[in-house]
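Please look through the sequence and the three-dimensional structure shown here, and keep both at hand while reading the explanation that comes after them.

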Amino acid sequence: MKVYKFPRTDDNIYFDVLDNKLSVCIIPNENFPTYYAALGVRYGSLDLEFIPKGEKEFIKTPAGIAHFLEHKKFELDADTDANDFFSKHGASANASTSFKQTKYYIWGGTNFKENLNHLLNYVFTPYFTDESVNKEIDIINEEIKMYDDEPGWILDQTVKQMLFYNHPMKEKLAGTYESISNVTAKELIDCYNTFYVPNNMFLIASGNISLEDVLEVIENNELLKKQKPSKIIRKEYEEKDSVKEEYKELKLNICIPKVKYCFKMNLDKFRMKDQFKLELYLNMLESIVFGSASEFAELVKKENVVEGFYVEHYTCGKHLILEFNAESDKSDIFKEMVDNCLYNLHITEEELKRMKRVWIASEIKITDKSDMLANSLLDDFIEYENLCNERINIIDDLNIEELTDIVNDLYFENNSFLLANPKDSSNNEK
Amino acid sequence: MDYKVEEFDSYNIHFIKTKKFKTIDVRIMFIDDFKKEDITKRNALFDNLLYSSKKYPTKRSLNIKCQDLYSAYVGASSLRLGNYLISKIGISFLNPKYTENAMFEESLDLLKEIIFNPNVLDGEFDKENFAIVKKDLLNEAKSVKEQPRVYAVSKMLENMSESLPYRYHGYSYKEDIDNLDEKKLYEYYQQFIKSNHIEIFVVGDFDSDMMKKLIRKKFVFDVKKKAIKNVFIQHDKVRRRAKKSIEESENIQSNLVVGLKLKGLKEFERKYVINIYSLLLGGFTDSLLMQNIREDNSMVYYINAYLNKVDNLIIIKSGLAFKNFEKVIKLIRTTMKQIENGDFDENSILKYQLEYNTSIDYALSMPGSVMDFALMQYLGLSDPIDTRKKEIMKVTKRDIQEVNKRVFLDTIYLLRGE
């Protein structure tokens with residue numbers, strides 16, 4: 001195991017890649033009262049088309065299948081659920097699916113070794129039958145309906161359909177009733193066999209644990225020893241730089257109108273090729289120009305243009321999406337103010353320095369929260385295929401020249417504007 | 001953790017010394033009897049204090065100062081605890097050993113400025129900032145309806161009682177916002193700062209003597225401490241037949257909220273048995289409700305029970321298809337009967353006891369929860385943590401069956417979907 005020190009703190013972080021190519025990271029922290037462990041799979045809702053392990057042709061799976069698989073993964077046989085073991089041994093377990101990742105995690109206060117061992121055992125034990133798949137459809141359908149009543153979720157899904165032509169980002173993360181109704185046990189097995197392979201996974205354990213305990217479990221887990229790496233071939237999508245739809249209006253059960261204003265940019269057009277650094281710079285830029293201490297944030301409140309707003313970005317294939325979210329009954333003025341700000345971007349060295357200080361402080365603070373730290377490293381590992389434990393040093397090295405290059409490389413011609421108005425206009429009295 | 005309370009005439013200081021955190025958190029809690037109109041006034045007051053002070057007249061200037069203090073976080077919130085309202089305002093900053101020594105005092109000065117030097121002119125809060133705060137509160141009040149699950153809980157509680165404090169949610173009320181202006185809010189501030197019972201908490205790695213001197217010097221309140229008693233809400237009535245209300249909505253899913261009243265709990269039951277009862281009923285994925293309704297019948301994605309001890313309530317929440325509404329209610333009743341009959345595995349109690357202890361351990365990883373635990377302990381609402389972890393292990397199957405007799409299904413509310 002290689003050992004690293006977190007910059008500016010005394011915390012150790014251990015990292016290794018096992019012979020079967022499973023990446024393992026261990027962050028003991030005796031000050032944290034509980035333990036946390038997660039097994040992440042680089043497989044999410046975007047991975048719909050791929051060549052199944054041992055086959056030659058691409059297959060297309062239904063939207064929402066990664067999430068479906070996550071639900072069914074807890075079943076170990078017809079009568080046993082993975083949670084039975086955890087709850088008897090003082091741990092809690094859950095799982096989540098995002099666009100690019102499925103994550104199985106546990107937390108607890110006792111029997112760490114036994115529970116970590118069981119985490120590996122259950123994730124590496126596939127059990128899918130058509131009978132249990134059918135039983136799950138109604139449960140997932142209720143989950144989908146719950147999301148479909150959330151205005152933020154509807155806006156998210158809608159704007160992605162406006163931004164993308166081909167990329168599966170346009171599909172709903174959990175699928176639709178129609179798509180999940182077609183899921184079969186055979187498809188789940190294909191997905192599992194293809195993606196749940198050690199070279200596509202990352203194990204992280206943190207909190208009140210010892211390095212020795214984790215190593216002992218890893219060395220002795222029979223199922224883990226049997227796992228073999230295999231190559232994964234995902235479909236690559238031709239995606240246009242333009243957006244599919246520029247403007248759309250919705251009527252929703254809301255009281256305050258909501259806006260999403262998104263910009264689609266090709267990553268090839270940026271001089272900065274290091275995606276991790278590019279995204280750090282974009283975080284800085286968003287915080288400096290649009291964050292809580294920005295002139296922009298002050299102005300939009302003072303001028304009574306928005307109730308609240310935030311900015312974020314994500315990457316998808318070859319594209320970067322910069323997304324402005326607002327609650328505003330003056331959406332046209334908001335749009336104009338965003339445009340005005342973006343076309344006149346200027347950041348000073350002093351502003352960058354202050355923001356670096358803020359981000360470095362956050363990086364120090366997160367080391368107190370072992371579960372959050374583990375999740376942050378896991379998410380970065382899935383996104384960048386690298387252990388990003390040197391964040392603080394990289395932030396320290398960010399400079400105004402590189403940031404200015406990125407500012408100059410940003411372009412805003414391709415954009416989508418989504419406006420959601422209240423269904424019942426009496427909800428929106430001024 | 002080393003916990004010590006020092007008592008002074010105007011307030012108590014709770015020192016919780018620990019090397020677990022790289023931050024130092026200072027929080028001032030203002031406690032007073034619950035009054036419905038104070039919910040809105042306190043929300044408006046603290047938003048206003050954080051929006052504008054003499055030294056930091058705009059939100060932006062305050063945020064810039066926080067950034068200069070290595071991302072110090074200043075925040076405030078108000079919540080109801082049984083028959084009381086508690087407002088918390090505090091600052092969390094990196095321990096100066098990771099930054100600069102001067103930051104220690106500067107951070108406390110910032111909190112002092114916000115509390116004691118609001119932006120006031122001619123006996124009223126700054127008009128421009130007040131207008132922004134007022135509009136934000138109005139929008140917040142309106143937006144409750146956008147969140148079906150939150151809205152459904154507030155409506156169930158409203159239906160449950162005509163007069164008890166839990167019928168009021170923590171968001172601001174439109175009629176109370178409309179009644180507020182810059183002058184009235186400033187008058188409320190003047191009365192508030194002189195009349196509340198105050199407790200101050202400090203968590204982190206610090207020198208207690210130095211911290212005490214700084215707090216005594218910077219936070220001077222002209223108040224007298226009060227006795228905080230009768231925190232628990234006692235229900236005025238328990239319905240023999242549950243009250244059922246259905247409200248139409250345009251949502252896709254129906255949101256169900258069921259209110260269970262707790263009446264006549266003995267001390268050990270209130271402190272411990274009811275926790276295990278609630279976890280067994282609907283705590284996590286391994287609960288009886290999840291087993292009976294989700295796993296055995298595929299009717300819901302989630303169904304959970306939340307215990308609120310000071311309100312003497314358990315609230316069950318779920319999302320479902322309307323066609324399953326009556327069936328789910330029947331299954332909830334059957335599940336409660338199942339507990340009373342002891343039709344559950346005695347060995348499963350241990351897992352809920354471990355879950356309870358793990359949730360305490362986990363909460364101790366957050367400075368905010370450490371302060372909340374200390375307050376509850378100080379007010380005599382809960383035992384010290386070590387005692388809690390030991391006593392919970394004494395809960396038996398018989399205890400759980402017995403406590404079910406003091407749990408009453410009182411109110412059913414459905415926000416009906418398609």
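What follows is a walk through a predicted model, beginning with its nonpolar interior, passing to the contact between the chains, and ending with salt bridges and backbone details.

A general point helps with the interior: in soluble globular proteins, nonpolar side chains tend to be buried together. In this model the largest nonpolar core has 112 residues, and those with the most contacts inside it are A:Phe309, A:Phe324, A:Phe334, B:Ile28, B:Met211, B:Phe219 and B:Phe221. Helix 10 of chain A, which spans residues 275-290, gives the most to this core, contributing 10 residues. A second core, separate from that one, has 68 residues and includes B:Leu262, B:Ile293, B:Ile316 and B:Leu409. The surroundings of B:Phe221 can be looked at individually: leaving aside residues up to four places away in sequence, this side chain's residue touches B:Ser10, B:Tyr11, B:Ile28, B:Phe30, B:Ile115, B:Phe116, B:Ile193 and B:Ile198.

Helix 7 of chain A, residues 185-195, is mostly covered, with eight of its 11 residues buried. Those buried residues are A:Ala185, A:Glu187, A:Leu188, A:Asp190, A:Cys191, A:Tyr192, A:Thr194 and A:Phe195. They pack against strand 4 (35-41), strand 5 (49-50), strand 6 (59-60), helix 1 (65-72), helix 3 (112-123) and helix 4 (130-148), which belong to chain A.

The interface between the chains can be described next. Here 52 residues of chain B are in contact with 61 residues of chain A, and the two chains bury about 5300 Å² between them, with 51% of that area on carbon and sulfur atoms. On the chain B side, B:Arg60, B:Glu146 and B:Tyr301 lose the most area to chain A, together accounting for 14% of what that side buries.

Polar and charged pairs also cross this interface. Between chain B and chain A there are 28 residue pairs in polar contact, counting pairs in which both residues have pLDDT 80 or more. The elements of chain B that give two or more residues to the side touching chain A are helix 2 (59-68), helix 4 (127-143), helix 5 (148-160), helix 10 (288-295), strand 11 (300-308), strand 12 (313-320) and helix 12 (348-363). Helix 4 of chain B supplies the largest share of that side, seven residues, and the residues of the side as a whole divide into 18 nonpolar, 14 polar and 20 charged. Nine salt bridges are found across the interface of chain B and chain A. The side chains of A:Lys423 and B:Glu250 meet in a salt bridge at 3.0 Å, N to O. A network of salt bridges links A:Lys72, A:Glu75, A:Glu136, B:Arg294 and B:Glu295.

Over all chains, the structure holds 64 salt bridges. In one of them the side chains of A:Glu323 and A:Lys260 meet at 2.9 Å, N to O; because A:Glu323 lies in strand 13 (residues 319-327) and A:Lys260 in strand 11 (residues 258-266) of chain A, the pair ties together parts that are 63 residues apart in sequence. A:Glu323 is buried, with a relative accessible area of 1%, and A:Lys260 counts as buried at 3% relative accessibility.

A:Arg391 and A:Glu363 form a salt bridge through their side chains at 3.6 Å, N to O. Since A:Arg391 lies in helix 15 (residues 391-397) and A:Glu363 in helix 13 (residues 349-366) of chain A, this pair ties together parts 28 residues apart in sequence, and both A:Arg391 and A:Glu363 are buried.

Within a single helix, the side chains of B:Glu267 and B:Lys271 meet in a salt bridge at 3.0 Å, N to O. Both lie in helix 9 of chain B (residues 267-282), four residues apart, about one turn of the helix. An α-helix has 3.6 residues a turn, so residues three or four places apart point the same way. B:Lys271 is buried, with a relative accessible area of 14%.

Two backbone details remain. A:Arg8 has a positive phi of about 75 degrees although it is not a glycine; A:Arg8 sits in the loop between strand 1 (2-5) and strand 2 (12-17) of chain A, and counts as partly exposed at 45% relative accessibility. B:Asp122, a residue other than glycine, has a positive phi near 50 degrees. B:Asp122 lies in the loop between strand 6 (120-121) and strand 7 (124-125) of chain B, and is exposed, with a relative accessible area of 73%.

Technical notes
Residues are numbered from 1 along each chain as its sequence is written. Chains are lettered from A and ligands numbered from 1 in the order in which they are written. This is a predicted model: local features need pLDDT of at least 70, side-chain atom pairs count only at pLDDT 80 or more; totals for chains, interfaces and linings use all residues. Side-chain values use heavy atoms; hydrogens and water are left out. A nonpolar core is a set of buried Ala, Val, Leu, Ile, Met, Phe, Trp, Tyr and Cys residues joined through side-chain atoms within 4.5 Å. Buried means under 20% relative accessible area, exposed over 50%, partly exposed in between (1.4 Å probe, protein chains only). Contact means heavy atoms within 4.5 Å. Buried area is the accessible area (1.4 Å probe) that two parts lose on being put together, summed over both. A salt bridge is a side-chain nitrogen of Lys or Arg within 4 Å of a carboxyl oxygen of Asp or Glu. A polar contact is a pair of N or O atoms within 3.5 Å; within protein, one must be able to donate a hydrogen and the other to accept it, and residues adjacent in sequence count only if both atoms are side-chain atoms. Ala, Val, Leu, Ile, Met, Phe, Trp, Tyr, Cys and Pro count as nonpolar, Asp, Glu, Lys and Arg as charged, and the others, Gly among them, as polar.
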